[in-house]
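Biologist: I have a chain open on my screen and would like to learn how to read it feature by feature. Could you walk me through it?

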Amino acid sequence: MSKLHIKKDDNVIVIAGADKGKTGKVLKVLVKENRAIVEGVNMVSKSTKPSAKNPQGGIVKQEAPIHISNISLIDPKSGKATRVAIKHDGKNVIRIAKKSGEEIK
């Protein structure tokens, strides 16, 4: 299992697939499957049974996981897709955008 360049709450852009060009915030990272759930991207329709939370039931739209290789981090300075460099500062690990050199928070 390798380290991933994407973390929860990162702003990302889809660089491949049906939703190419869409941007969103990472809601969850599924490390074992190398996938992430991005807000408003890869929407699927799911049938749900009636429950206390949803008494009517029916069809619900929700985000499906997208592969990590199909998303890229957004550069905080330019707003475009960028790769990530990792810098070790003592015990701290800092992620840096390759395009602008800005620190990713």
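Biologist: Let's begin with charged contacts. How many salt bridges does a search of the whole structure find?

Modeller: Keep in mind that this is a predicted model. The search of the whole structure gives 3 salt bridges.

Biologist: What are the closest N and O atoms of Asp9 and Lys25 doing, and how far apart are they?

Modeller: They come within 3.8 Å of each other, and Asp9 and Lys25 form a salt bridge. Asp9 sits in the segment before β1 (11–14) and Lys25 in strand β2 (residues 23–30), so this pair ties together parts 16 residues apart in sequence.

Biologist: Are Asp9 and Lys25 buried or exposed?

Modeller: Asp9 is partly exposed, its relative accessible area being 47%. Lys25 is partly exposed as well, at 36%.

Biologist: Which residue forms a salt bridge with Arg95?

Modeller: That is Asp10, and here the closest N and O atoms are 2.9 Å apart. Arg95 belongs to strand β10 and Asp10 to the segment before β1, so the pair ties together parts that are 85 residues apart in sequence.

Biologist: And are Arg95 and Asp10 buried or exposed?

Modeller: A residue counts as buried under 20% relative accessible area. Arg95 has 10%, so Arg95 is buried. Asp10 has 5%, so Asp10 is buried too.

Biologist: Which salt bridge does Asp19 take part in?

Modeller: The side chain of Asp19 meets that of Lys22, with 3.3 Å from N to O. Asp19 counts as buried at 15% relative accessibility, whereas Lys22 is partly exposed, with a relative accessible area of 40%.

Biologist: Now the backbone. How should I read strand pairing?

Modeller: In general, strands of a sheet pair through backbone hydrogen bonds, in either a parallel or an antiparallel way. In this chain there are 11 strands and 0 helices. One open sheet is formed by 3 strands, in the order β9-β10-β11, with antiparallel pairing.

Biologist: Which strands are at the edges of that sheet?

Modeller: β9 and β11 (103–104) are the edge strands, each pairing on one side only. Between β9 and β10, which run antiparallel, there are 6 bridges.

Biologist: Which residue of β10 is the bridge partner of Ile86?

Modeller: The partner is Arg95, which we met above in the salt bridge with Asp10.

Biologist: How do I look for empty space in the model?

Modeller: The general idea is to roll a probe the size of a water molecule over the atoms, which shows where empty space is left. Here, the largest pocket has a volume of about 230 Å³.

Biologist: Which residues line the largest pocket?

Modeller: The lining includes Lys3, Leu4, Ile6 and Lys7, together with Val29, Val31, Ile86, His88, Val93 and Arg95. β9 (84–89) and β10 (92–97) each supply at least two residues of this lining. Sorted by class, the lining has 6 nonpolar, 1 polar and 3 charged residues. So the bridge partners Ile86 and Arg95 both appear in the pocket lining.

Biologist: Last, the overall form. What radius of gyration does the chain have?

Modeller: The chain has 16 Å, while a compact globule of 105 residues would have a radius of gyration near 13 Å. Along its principal axes, the C-alpha trace spans about 55 × 30 × 20 Å.

Biologist: What share of the 105 residues is buried?

Modeller: Buried residues make up 26% of them, and Arg95, Asp10 and Asp19 are among the buried ones.

Note on methods
Residues numbered from 1 in each chain as written. Predicted model: local features only at pLDDT ≥ 70, side-chain atom pairs only at ≥ 80, totals over all residues. Heavy atoms only, no water. 1 Å grid on protein atoms, 1.4 Å probe; cavity = no way out; pocket = protein on both sides within 12 Å on 5 of 7 lines; lining within 4 Å. Points joined across faces, edges and corners; volume = space filled by probe spheres on them. Helix = DSSP H or I, 4+ residues; strand = E, 2+ residues; numbered from the N terminus. Nonpolar A, V, L, I, M, F, W, Y, C, P; charged D, E, K, R; others polar. Pairing = 2+ DSSP bridges. Salt bridge = Lys/Arg side-chain N within 4 Å of Asp/Glu carboxyl O. Buried < 20%, exposed > 50% of the residue type's maximum accessible area, 1.4 Å probe, protein only. Rg over C-alpha atoms; globule rule 2.2 N^0.38 Å.
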